[in-house]
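I wanted to go through this one in a fixed order and jot down what turned up. Cores, salt bridges and cavities were on my list.

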Amino acid sequence: MRRVLALILAFVLTGPIPAYASPDPGTRIEVVGGRTAAPADFPWVVHLSMGCGGALIQPRIVLTAAHCAGPTGNNTRIRVIAGSRDLYGAHAKTVKSVYVRRAAGFRDVTSGHDWAVIKLDRTLDLPTLRLSGGGSDDVGPFTIMGWGTTGEKEYRSQRYLRFAQVPGLADNTCARLYAPDYTFVGPEMICAGDTKRGGVDTCQGDSGGPMVRKAADGQYVEVGIVSWGIGCARKEYPGVYTQVSHFTKDIRAAIDDLL
């Protein structure tokens, strides 16, 4: 079991959560079994200062997990690094959040509604990531990414963005694997992972980051938001993600309120 405390909000943490802190399901804060991304691979993925990821979905809006962003309201504490796979690279752009709007129904990661939008203090001249429209957009395989740790018992996040590909799983498969201790809330959640071999997954430091696939037009769409799971890359416990298509209307309404 991935041993991190699910109910601690990531924005109050200063580093990776210890992998053995508690027996609860963990919020996903790195990509296990992945490889380093090329400089131009995912220009819309961003890093948040509390040790989470996110995606630039409009020039001044980041989509992330609710458990990363903190409560709705003014917030200038979050630093966002964008435009670079290298967090210390010459091309990395650093901006601040000015306001957070978290999903109204969010209580904790295993109850669903794990999404939030962050308004930045300025517009970024970078590509943006489109939201999934559901249907064929939500059929795997998917690509996951992040700067977190590379294993359950690792502590060090990565300087360079890493990514991997994972197969999608049916809702009933995920529900069965997590029962009876935890409830998989479909269709608010979507899960992905290799249940035969394991070895590829998100882990400590990837929370809030995007799970994507290429749509029919060849452009990436955001299918999921890294949310929670037990352990990292365990074949019996696939990663669980917020299903973006289920919340698209709510996300767009929240953005309209912010702009």
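My notes follow, entry by entry.

**Entry 1: what I'm looking at.** I'm working from a predicted model.

**Entry 2: the main core.** I started with the nonpolar packing. How many residues does the largest nonpolar core have? I got 48 residues. Leu48, Leu63, Trp115, Val117 and Ile251 have the most contacts inside this core. I then looked up which elements feed the core: at least two residues each come from β3 (45-48), β4 (52-58), β5 (61-64), α1 (66-69), β7 (79-82), β8 (93-102), β9 (116-120) and α3 (244-258). Which of them gives the most? That's α3, with six residues.

**Entry 3: Ile251 up close.** I picked Ile251 and skipped its neighbours within four places in sequence. What's left in contact with Ile251 is Ile57, Leu63, Trp115, Val117, Leu131 and Val244. I noted that Leu63, Trp115 and Val117 also sit on the list of residues with the most contacts inside the core.

**Entry 4: a second core.** Apart from the main one I found another core, of 13 residues. Its members include Phe142, Val166, Ala215 and Val221. As background, nonpolar side chains tend to be buried together in soluble globular proteins.

**Entry 5: salt bridges.** I searched the whole structure and got three salt bridges, so I took them one at a time, with a cut-off of 4 Å between nitrogen and oxygen.

- Asp86 pairs with Arg159, and the closest N and O atoms are 2.7 Å apart. Asp86 lies in the loop between β7 and β8, and Arg159 in the loop between β11 (142-146) and β12 (162-166), so the pair ties together parts that are 73 residues apart in sequence. Buried or exposed? Asp86 is buried, at 10% relative accessible area, while Arg159 is partly exposed at 39%.
- Arg130 and Asp217 meet at 2.9 Å, N to O. Arg130 belongs to strand β10 (residues 130-131) and Asp217 to the loop between β14 (210-214) and β15 (220-229), so this bridge ties together parts that are 87 residues apart in sequence. I get partly exposed for Arg130, at 37% relative accessibility, and partly exposed for Asp217, at 47%.
- Arg197 and Asp194 form a salt bridge at 3.0 Å, N to O. Arg197 counts as exposed, with 67% relative accessibility, but Asp194 is buried, with a relative accessible area of 17%. The cut-off for buried is under 20%, so Asp194 at 17% makes it.

**Entry 6: largest cavity.** What is the volume of the largest cavity? I get about 40 Å³. Its lining is made of Ala192, Gly193, Asp194, Gly198, Val200, Asp201, Ala233, Arg234, Lys235, Tyr237, Pro238 and Gly239. Asp194 is on that list, and I had already met Asp194 as the salt-bridge partner of Arg197. By type, I count five nonpolar, three polar and four charged lining residues.

**Entry 7: second largest cavity.** This one also comes out with a volume of about 40 Å³. I listed its lining as Val45, His47, Cys52, Gly53, Met145, Gly146, Trp147, Gly205, Asp206, Gly209 and Pro210. Which strands supply at least two of these residues each? I find β3, β4 and β11. The lining divides into five nonpolar, five polar and one charged. I also noted that β3 and β4 each supply at least two residues of the largest core.

Key. Residues numbered from 1 in each chain as written. Predicted model: local features only at pLDDT ≥ 70, side-chain atom pairs only at ≥ 80, totals over all residues. Heavy atoms only, no water. Core = buried A, V, L, I, M, F, W, Y, C linked by side-chain atoms within 4.5 Å. Buried < 20%, exposed > 50% of the residue type's maximum accessible area, 1.4 Å probe, protein only. Helix = DSSP H or I, 4+ residues; strand = E, 2+ residues; numbered from the N terminus. Contact = heavy atoms within 4.5 Å. Salt bridge = Lys/Arg side-chain N within 4 Å of Asp/Glu carboxyl O. 1 Å grid on protein atoms, 1.4 Å probe; cavity = no way out; pocket = protein on both sides within 12 Å on 5 of 7 lines; lining within 4 Å. Points joined across faces, edges and corners; volume = space filled by probe spheres on them. Nonpolar A, V, L, I, M, F, W, Y, C, P; charged D, E, K, R; others polar.
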